[in-house]
Amino acid sequence: MGEGGQATLRKVTGKSGDWAQDITNVLPLSKLGPLNITLTRWFIKRFVIRQSALALGRALPLGIGLVVGAVGNFVIARAVIRGAERAFGPPPARWPDATPSNPLPTAAERQPSIEA
C-alpha cells in the first residue's frame with residue numbers, strides 16, 4: 001500500500017511494523033469502518049490521478065496531430081490559392097450572371113418520341 005497506506009494505518013492503530021498483524025491483533029471492529037473509508041479515499045485519489053495522467057498521455061498525440069494537420073492544410077490551401085491567382089489572375093469584382101441564355105434540354109425533351 002506504500003507509505004501513504006502505512007501512515008494511515010499508523011494513525012488509526014497507533015503502531016507500525018507488520019500492518020496485517022497489527023490489524024488482526026489490535027484493531028477493534030469499531031475502528032475498521034473509518035479505516036476502510038480512509039483507505040478507500042486514498043486509493044480512489046491515487047487511482048484517479050494515475051488514470052488522468054495516462055488518459056492525458058494517450059490524448060496528447062491526438063492533439064499534436066490535430067495541430068500539425070490543421071497547419072499543414074492551411075499552408076497547402078494558401079499555396080493553391082496563390083497558384084490559382086497566378087494562373088488565372090485576380091477574381092473579377094462582379095461575377096457574370098450564372099443563368100445560361102440557352103438552357104440545356106430536360107430529360108423528357110431529350111427522349112425521342114416513339115410513334116408506332
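What is the mean pLDDT of the chain, and what share of its residues reach 70 or more? In this predicted model, the mean is 80, and 72% of the residues reach that mark.

**Figure 1. The whole chain is built from helices, with 4 helices and 0 strands.** Reading from the N terminus, the order of elements is α-α-α-α. Of the 116 residues, 8% count as buried. The accessible surface comes to about 10,200 Å², and carbon and sulfur atoms account for 65% of that area.

**Figure 2. Confidence varies between helices α2 and α3.** Helix α2 (residues 19–26) has the lowest mean pLDDT among the elements, at 66. Helix α3 has the highest, at 89. A friendly word of caution for anyone about to set up a calculation: where pLDDT is low, the predicted coordinates should not be read in detail.

**Figure 3. Two phenylalanines of helix α3, F43 and F47, form a pair.** The chain's count of aromatic pairs comes to 1. In this pair, F43 and F47 are stacked, with 6.1 Å from centre to centre and 20° between the planes. The pair counts as stacked because its planes are under 30 degrees apart. Along helix α3, F43 and F47 sit 4 residues apart, about one turn of the helix. F47 is partly exposed, with a relative accessibility of 44%.

**Figure 4. A nonpolar patch on the surface includes F74.** Together, L66, V67, V71, F74 and V75 make a patch of about 510 Å². F74 belongs to helix α3, which spans residues 29–88. Is F74 buried or exposed? F74 counts as exposed because its relative accessible area is 52%, and the cut-off for exposed is over 50%.

Conventions: Residues numbered from 1 in each chain as written. Predicted model: local features only at pLDDT ≥ 70, side-chain atom pairs only at ≥ 80, totals over all residues. Heavy atoms only, no water. Buried < 20%, exposed > 50% of the residue type's maximum accessible area, 1.4 Å probe, protein only. Areas by Shrake-Rupley, 256 points an atom, 1.4 Å probe, with all protein chains shown as cover. Patch = residues over 30% accessible without salt bridge, like charges linked within 9 Å, V, L, I, M, F, W, Y side chains within 5 Å. Salt bridge = Lys/Arg side-chain N within 4 Å of Asp/Glu carboxyl O. pLDDT = per-residue confidence, 0-100. Phe/Tyr/Trp six-rings, centres within 6.5 Å; stacked < 30°, edge-to-face > 60°.
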